Each structure stands twice: as structure tokens, then as C-alpha cells.
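I opened this notebook to look up how the helices and the aromatic rings are arranged. The entries below follow the order in which I checked things.

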Amino acid sequence: MPVPELRKLFEEASRYVEGDSSIIALNGMVADCKTLAKMEKSPEPVQRLLDEWWLMVNRRWNEWGLCPDPLSEEEFVAWLREQLVFGDPAAG
């Protein structure tokens, strides 16, 4: 999978954390990346990363209320922040 697509996913996630995007947009971006990764036979670590993102986005969205362990907004944003680099990591 080309790096620009992953970069777009991380940018969308960053916008979500900032309140400038929606779970629907983030879900669409993850779905698009998963499809592209499968079509291009991306390395297994990339596919696992996208599977984890898919799971976490769906746990937050819980569109039909079928998720047995949904995430609160606070839990989801905290998870996203862990996935993204914000500021200077050396600053702790």
C-alpha cells in the first residue's frame, strides 16, 4: 500500500481528534485503505494495522448497537492520540 494513503488516514484521524472530522469520514477512510491494501497485496503488518483501526473505529461508531464492547468518545480519542504523534515525543 502506498504511503500517501496511510498518511491520508492519519491526517483524517488527526482532524477527528481536533473535532474537524466525523466518525463516518474516518470509517470511510479506513475502509478505503483496507480495500486498497488487499488489492495491492500489502505486507501483513500493514493489513494488521488497518484491521486494528477498522475494529476500533467500529467499536466507537457502533452504528447498529451490535458491538459488545463499544468505546466512549474519550476512550476512542485517547486511542487515536496513542496512534498519532502529537508534538515533540521527547518532551514527554
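I began with a definition, since the count depends on it: rings of Phe, Tyr and Trp, the last taken by its six-membered ring, pair if their centres lie within 6.5 Å. I also kept in mind that this is a predicted model. With that cut-off I find that the structure holds four aromatic pairs.

I looked up the pair of Phe-10 and Trp-53, which is tilted, with 5.6 Å centre to centre and 50 degrees between the planes. The pair links distant parts of the chain, as Phe-10 sits in helix α1 and Trp-53 in helix α3, 43 residues apart. I then checked exposure for both partners: Phe-10 is partly exposed, with a relative accessible area of 30%, whereas Trp-53, at 1% relative accessibility, counts as buried.

I next turned to Trp-53 and Trp-79, whose ring centres are 5.1 Å apart and whose planes stand at 65 degrees; planes over 60 degrees apart count as edge-to-face, so I noted the pair as such. Because Trp-53 lies in helix α3 and Trp-79 in helix α4, this pair ties together parts that are 26 residues apart in sequence. Trp-79 is buried, as is Trp-53. Taking the rings together, I noted one aromatic cluster formed by Phe-10, Tyr-16, Trp-53, Phe-76 and Trp-79.

I followed Tyr-16 further and, leaving aside its neighbours within four places in sequence, found it in contact with residues including Ser-21, Ile-23, Leu-26, Arg-60, Glu-73, Phe-76 and Leu-80.

I then asked myself which residues have the most contacts inside the largest nonpolar core. This core has 22 residues, and the ones I was after are Leu-9, Tyr-16, Leu-26, Leu-50, Trp-53, Phe-76 and Leu-80. The elements that give two or more residues to this core are α1 (3-17), α2, α3 (44-61) and α4 (73-83), and α2 gives the most, with six residues.

For α4, I listed Phe-76, Val-77, Trp-79 and Leu-80 as buried. Seen down the axis of α4, these buried residues fall within an arc of 160 degrees, so they line one face of the helix. On the other side of α4, Glu-74 and Glu-82 are exposed.

Lastly I checked the geometry of α2 (residues 23-39): at 1.5 Å a residue its 17 residues should span 24 Å, and its end C-alpha atoms are 24 Å apart, which agrees. Among the buried residues of α2 I noted Ile-23, Leu-26, Asn-27, Met-29 and Cys-33. After α2 comes Lys-41, whose phi is positive, near 50 degrees.

Conventions:
Residues are numbered from 1 along each chain as its sequence is written. This is a predicted model: local features need pLDDT of at least 70, side-chain atom pairs count only at pLDDT 80 or more; totals for chains, interfaces and linings use all residues. Side-chain values use heavy atoms; hydrogens and water are left out. Helices (H or I, at least four residues) and strands (E, at least two) are DSSP runs, numbered from the N terminus. The expected span of a helix is 1.5 Å times one less than its number of residues. Buried means under 20% relative accessible area, exposed over 50%, partly exposed in between (1.4 Å probe, protein chains only). A nonpolar core is a set of buried Ala, Val, Leu, Ile, Met, Phe, Trp, Tyr and Cys residues joined through side-chain atoms within 4.5 Å. Contact means heavy atoms within 4.5 Å. The arc is that of the directions from the helix axis to the C-beta atoms. Rings of Phe, Tyr and Trp (its six-membered ring) pair if their centres lie within 6.5 Å; planes under 30 degrees apart count as stacked, over 60 as edge-to-face and the rest as tilted.
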